[in-house]
Amino acid sequence: MAKKIRVAIADDHAVLRESLALLLEAQNGFEVCGSAANGSEALEVLSRCRPDVLVLDLLMPEFDGFEVLRTLDRGGHRVATVVLTGSESQTDYLQAVRLGARGLVLKGDSPEKLFTAIRTVANGELAFADDIAQRVLGTMASETRELAASLHRLSDREKQIAFLVARGLKNRDIAAQLNISENTVKRHLQSIFAKTGSRDRLELAVLALTELSQAA
(Lines give C-alpha, C1' and ligand atoms only; values in the text may rest on other atoms or scores of the structure.)
Protein backbone atom coordinates (compact mmCIF):
# COMPACT_ATOMS: atom_id res chain seq x y z
CA MET A 1 0.00 0.00 0.00
CA ALA A 2 1.34 3.45 -0.98
CA LYS A 3 2.29 5.75 1.86
CA LYS A 4 -0.37 8.33 2.60
CA ILE A 5 0.41 12.02 2.27
CA ARG A 6 0.20 13.61 5.71
CA VAL A 7 -1.57 16.97 5.52
CA ALA A 8 -1.98 19.79 8.04
CA ILE A 9 -4.62 22.50 7.53
CA ALA A 10 -4.42 26.10 8.76
CA ASP A 11 -7.49 28.29 8.26
CA ASP A 12 -9.37 30.53 10.65
CA HIS A 13 -12.82 29.50 9.35
CA ALA A 14 -13.87 26.41 11.31
CA VAL A 15 -16.47 25.22 8.79
CA LEU A 16 -13.99 25.34 5.92
CA ARG A 17 -11.21 23.78 8.01
CA GLU A 18 -13.34 20.87 9.24
CA SER A 19 -15.05 20.31 5.88
CA LEU A 20 -11.70 20.20 4.13
CA ALA A 21 -10.39 17.68 6.65
CA LEU A 22 -13.39 15.42 5.96
CA LEU A 23 -12.93 15.78 2.19
CA LEU A 24 -9.25 14.88 2.38
CA GLU A 25 -9.81 11.90 4.67
CA ALA A 26 -12.41 10.60 2.20
CA GLN A 27 -9.83 10.53 -0.60
CA ASN A 28 -7.36 7.73 -1.20
CA GLY A 29 -3.85 8.63 -0.14
CA PHE A 30 -4.41 11.47 2.33
CA GLU A 31 -4.15 11.59 6.11
CA VAL A 32 -4.99 14.79 7.99
CA CYS A 33 -2.58 14.92 10.92
CA GLY A 34 -3.55 18.28 12.40
CA SER A 35 -5.41 21.55 11.96
CA ALA A 36 -4.98 25.12 13.17
CA ALA A 37 -7.13 28.24 13.42
CA ASN A 38 -4.25 30.74 13.24
CA GLY A 39 -0.56 31.00 12.46
CA SER A 40 0.68 30.31 15.97
CA GLU A 41 -1.33 27.09 16.13
CA ALA A 42 -0.07 26.20 12.66
CA LEU A 43 3.56 26.30 13.80
CA GLU A 44 2.68 24.10 16.79
CA VAL A 45 0.92 21.60 14.52
CA LEU A 46 3.88 21.50 12.14
CA SER A 47 6.25 20.82 15.02
CA ARG A 48 4.02 18.12 16.47
CA CYS A 49 2.86 16.13 13.46
CA ARG A 50 5.54 16.81 10.81
CA PRO A 51 3.18 16.83 7.79
CA ASP A 52 4.28 16.28 4.22
CA VAL A 53 2.11 19.19 3.07
CA LEU A 54 0.66 22.27 4.75
CA VAL A 55 -2.56 23.74 3.34
CA LEU A 56 -2.34 27.37 4.46
CA ASP A 57 -4.73 30.31 4.44
CA LEU A 58 -2.94 33.64 4.06
CA LEU A 59 -5.29 35.95 5.94
CA MET A 60 -5.73 34.76 9.51
CA PRO A 61 -5.96 36.70 12.80
CA GLU A 62 -3.08 37.17 15.24
CA PHE A 63 -0.39 35.54 13.13
CA ASP A 64 -1.16 35.24 9.41
CA GLY A 65 -0.04 32.83 6.71
CA PHE A 66 2.69 35.16 5.48
CA GLU A 67 4.25 35.15 8.93
CA VAL A 68 4.04 31.35 9.08
CA LEU A 69 5.95 31.12 5.79
CA ARG A 70 8.42 33.78 6.94
CA THR A 71 9.07 31.95 10.22
CA LEU A 72 9.62 28.63 8.45
CA ASP A 73 11.95 30.21 5.89
CA ARG A 74 14.03 31.99 8.55
CA GLY A 75 14.39 28.77 10.49
CA GLY A 76 15.32 26.74 7.42
CA HIS A 77 12.35 24.44 8.00
CA ARG A 78 10.32 24.86 4.84
CA VAL A 79 7.44 22.44 4.40
CA ALA A 80 5.74 21.83 1.05
CA THR A 81 2.97 24.42 1.28
CA VAL A 82 -0.18 24.91 -0.77
CA VAL A 83 -1.70 28.32 -0.20
CA LEU A 84 -5.50 28.14 -0.19
CA THR A 85 -6.76 31.70 -0.45
CA GLY A 86 -9.67 33.91 -1.34
CA SER A 87 -7.30 36.76 -2.19
CA GLU A 88 -7.17 37.97 -5.79
CA SER A 89 -4.08 40.11 -5.18
CA GLN A 90 -1.08 39.38 -7.40
CA THR A 91 1.05 41.02 -4.70
CA ASP A 92 -0.17 38.45 -2.17
CA TYR A 93 0.63 35.63 -4.58
CA LEU A 94 4.14 36.94 -5.26
CA GLN A 95 4.89 37.44 -1.58
CA ALA A 96 3.67 33.94 -0.69
CA VAL A 97 5.86 32.38 -3.38
CA ARG A 98 8.90 34.39 -2.31
CA LEU A 99 8.38 33.15 1.23
CA GLY A 100 8.29 29.50 0.20
CA ALA A 101 4.78 28.53 -0.99
CA ARG A 102 5.00 25.95 -3.74
CA GLY A 103 1.35 25.72 -4.73
CA LEU A 104 -1.57 28.11 -4.87
CA VAL A 105 -5.27 27.27 -5.08
CA LEU A 106 -8.14 29.73 -4.89
CA LYS A 107 -11.01 29.04 -2.50
CA GLY A 108 -13.39 29.22 -5.45
CA ASP A 109 -11.58 26.37 -7.23
CA SER A 110 -12.83 22.78 -7.22
CA PRO A 111 -11.74 20.39 -4.45
CA GLU A 112 -10.05 18.21 -7.08
CA LYS A 113 -7.74 21.08 -7.96
CA LEU A 114 -6.63 21.25 -4.34
CA PHE A 115 -6.15 17.48 -4.14
CA THR A 116 -3.99 17.60 -7.27
CA ALA A 117 -1.95 20.51 -5.88
CA ILE A 118 -1.30 18.63 -2.63
CA ARG A 119 -0.09 15.55 -4.50
CA THR A 120 2.06 17.69 -6.78
CA VAL A 121 3.91 19.62 -4.06
CA ALA A 122 4.32 16.43 -2.02
CA ASN A 123 6.23 15.10 -5.02
CA GLY A 124 8.58 18.09 -4.95
CA GLU A 125 6.96 19.86 -7.88
CA LEU A 126 5.15 23.19 -8.30
CA ALA A 127 1.39 23.63 -8.39
CA PHE A 128 0.43 27.00 -9.83
CA ALA A 129 -2.07 27.90 -12.52
CA ASP A 130 -0.20 28.78 -15.72
CA ASP A 131 -1.20 32.46 -15.70
CA ILE A 132 -0.21 32.91 -12.05
CA ALA A 133 3.06 31.03 -12.55
CA GLN A 134 4.14 33.12 -15.52
CA ARG A 135 3.39 36.44 -13.80
CA VAL A 136 5.07 35.45 -10.55
CA LEU A 137 8.11 33.83 -12.14
CA GLY A 138 8.50 36.67 -14.63
CA THR A 139 8.56 39.24 -11.84
CA MET A 140 11.02 37.22 -9.78
CA ALA A 141 13.28 36.62 -12.79
CA SER A 142 13.51 40.35 -13.51
CA GLU A 143 14.82 40.83 -9.97
CA THR A 144 17.36 38.00 -10.09
CA ARG A 145 19.38 38.59 -13.26
CA GLU A 146 22.80 38.44 -11.63
CA LEU A 147 22.21 34.86 -10.40
CA ALA A 148 21.73 33.25 -13.81
CA ALA A 149 25.46 32.83 -14.33
CA SER A 150 25.26 29.67 -12.22
CA LEU A 151 23.44 27.96 -15.11
CA HIS A 152 26.64 28.08 -17.16
CA ARG A 153 28.00 25.31 -14.91
CA LEU A 154 25.34 22.92 -16.24
CA SER A 155 25.75 20.36 -19.00
CA ASP A 156 23.65 20.78 -22.14
CA ARG A 157 21.22 18.11 -20.92
CA GLU A 158 20.95 19.74 -17.52
CA LYS A 159 20.21 23.11 -19.17
CA GLN A 160 17.47 21.45 -21.23
CA ILE A 161 15.88 20.12 -18.08
CA ALA A 162 16.22 23.44 -16.25
CA PHE A 163 14.40 25.27 -19.04
CA LEU A 164 11.65 22.64 -19.12
CA VAL A 165 11.20 23.08 -15.37
CA ALA A 166 10.81 26.81 -16.02
CA ARG A 167 8.02 26.00 -18.48
CA GLY A 168 6.19 24.23 -15.66
CA LEU A 169 6.69 20.65 -16.86
CA LYS A 170 6.57 17.86 -14.31
CA ASN A 171 9.22 15.14 -14.16
CA ARG A 172 7.16 12.64 -16.13
CA ASP A 173 6.52 15.21 -18.90
CA ILE A 174 10.21 16.13 -19.06
CA ALA A 175 11.08 12.43 -19.30
CA ALA A 176 8.62 11.92 -22.16
CA GLN A 177 9.84 14.99 -24.07
CA LEU A 178 13.52 14.03 -23.76
CA ASN A 179 12.91 10.28 -24.17
CA ILE A 180 14.61 9.40 -20.89
CA SER A 181 13.33 7.79 -17.70
CA GLU A 182 11.74 9.74 -14.88
CA ASN A 183 14.48 8.48 -12.53
CA THR A 184 17.10 9.93 -14.89
CA VAL A 185 15.31 13.28 -14.74
CA LYS A 186 15.41 13.13 -10.93
CA ARG A 187 19.14 12.36 -10.94
CA HIS A 188 19.80 15.28 -13.29
CA LEU A 189 17.75 17.58 -11.04
CA GLN A 190 19.80 16.60 -8.00
CA SER A 191 22.95 17.58 -9.90
CA ILE A 192 21.34 20.81 -11.14
CA PHE A 193 20.28 21.84 -7.63
CA ALA A 194 23.80 21.18 -6.33
CA LYS A 195 25.51 23.15 -9.12
CA THR A 196 23.18 26.16 -9.04
CA GLY A 197 22.50 26.33 -5.32
CA SER A 198 18.76 26.27 -6.02
CA ARG A 199 16.76 24.88 -3.11
CA ASP A 200 13.87 23.67 -5.24
CA ARG A 201 12.12 23.84 -8.61
CA LEU A 202 10.86 27.37 -8.13
CA GLU A 203 14.30 28.86 -7.56
CA LEU A 204 15.61 26.86 -10.52
CA ALA A 205 12.76 28.12 -12.71
CA VAL A 206 13.57 31.72 -11.77
CA LEU A 207 17.22 31.21 -12.75
CA ALA A 208 16.27 29.63 -16.08
CA LEU A 209 13.80 32.38 -16.92
CA THR A 210 16.42 34.97 -16.01
CA GLU A 211 18.90 33.50 -18.47
CA LEU A 212 16.25 33.29 -21.19
CA SER A 213 15.34 36.95 -20.70
CA GLN A 214 19.00 37.98 -20.88
CA ALA A 215 19.45 36.03 -24.10
CA ALA A 216 16.37 37.60 -25.73
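Which residue's side chain meets that of Asp57 in a salt bridge? In this predicted model, the partner is Lys107, and the N to O distance between the two side chains is 3.5 Å.

The pair joins distant parts of the chain, since Asp57 sits in the loop between strand S3 (53-56) and H3, while Lys107 sits in the loop between strand S5 (103-106) and helix H5 (111-122), 50 residues apart. The two partners also differ in their surroundings: Asp57 is buried, with a relative accessible area of 4%, whereas Lys107, at 30% relative accessibility, counts as partly exposed. Asp57 is placed in the buried class because its value falls under 20%. The pair does not stand alone, for Asp11, Asp57 and Lys107 are linked in a network of salt bridges.

A search of the whole structure finds twelve salt bridges, and three of them, including the one just described, are set out below.

| Salt bridge | N to O distance |
|---|---|
| Asp57 and Lys107 | 3.5 Å |
| Arg74 and Glu67 | 3.4 Å |
| Arg199 and Glu203 | 3.0 Å |

In the pair formed by Arg74 and Glu67, Arg74 is exposed at 59% relative accessibility, while Glu67 is partly exposed at 22%. Glu203, the partner of Arg199, likewise counts as partly exposed, with a relative accessibility of 23%.

Helix H3, which spans residues 65-74, also holds Val68, a residue that is buried, with a relative accessible area of 0%. Once its neighbours within four places in sequence are left aside, Val68 is in contact with Gly39, Ala42, Leu43, Leu54, Leu56 and Phe63. Val68 can also be placed relative to Asp57, the residue with which this report began: the two are eleven residues apart in sequence, and their C-alpha atoms are 10.0 Å apart in space.

Further along the chain, helix H8 (residues 171-178) and helix H9 (residues 182-196) have axes that come within 8 Å and cross at roughly 105 degrees. H8 is therefore roughly perpendicular to H9, because angles of 65 to 115 degrees are counted in that way. On the H8 side the residues that meet the other helix are Asn171, Arg172, Ile174 and Ala175, and on the H9 side they are Glu182, Val185, Lys186 and Leu189. Sorted by class, this contact of H8 with H9 has four nonpolar, one polar and three charged residues.

Terms used: Residues numbered from 1 in each chain as written. Predicted model: local features only at pLDDT ≥ 70, side-chain atom pairs only at ≥ 80, totals over all residues. Heavy atoms only, no water. Helix = DSSP H or I, 4+ residues; strand = E, 2+ residues; numbered from the N terminus. Buried < 20%, exposed > 50% of the residue type's maximum accessible area, 1.4 Å probe, protein only. Contact = heavy atoms within 4.5 Å. Axes fitted to C-alpha atoms, helices over the stretch in contact; angles between N-to-C directions. Parallel < 35°, antiparallel > 145°, perpendicular 65-115°, else oblique. Nonpolar A, V, L, I, M, F, W, Y, C, P; charged D, E, K, R; others polar. Salt bridge = Lys/Arg side-chain N within 4 Å of Asp/Glu carboxyl O.
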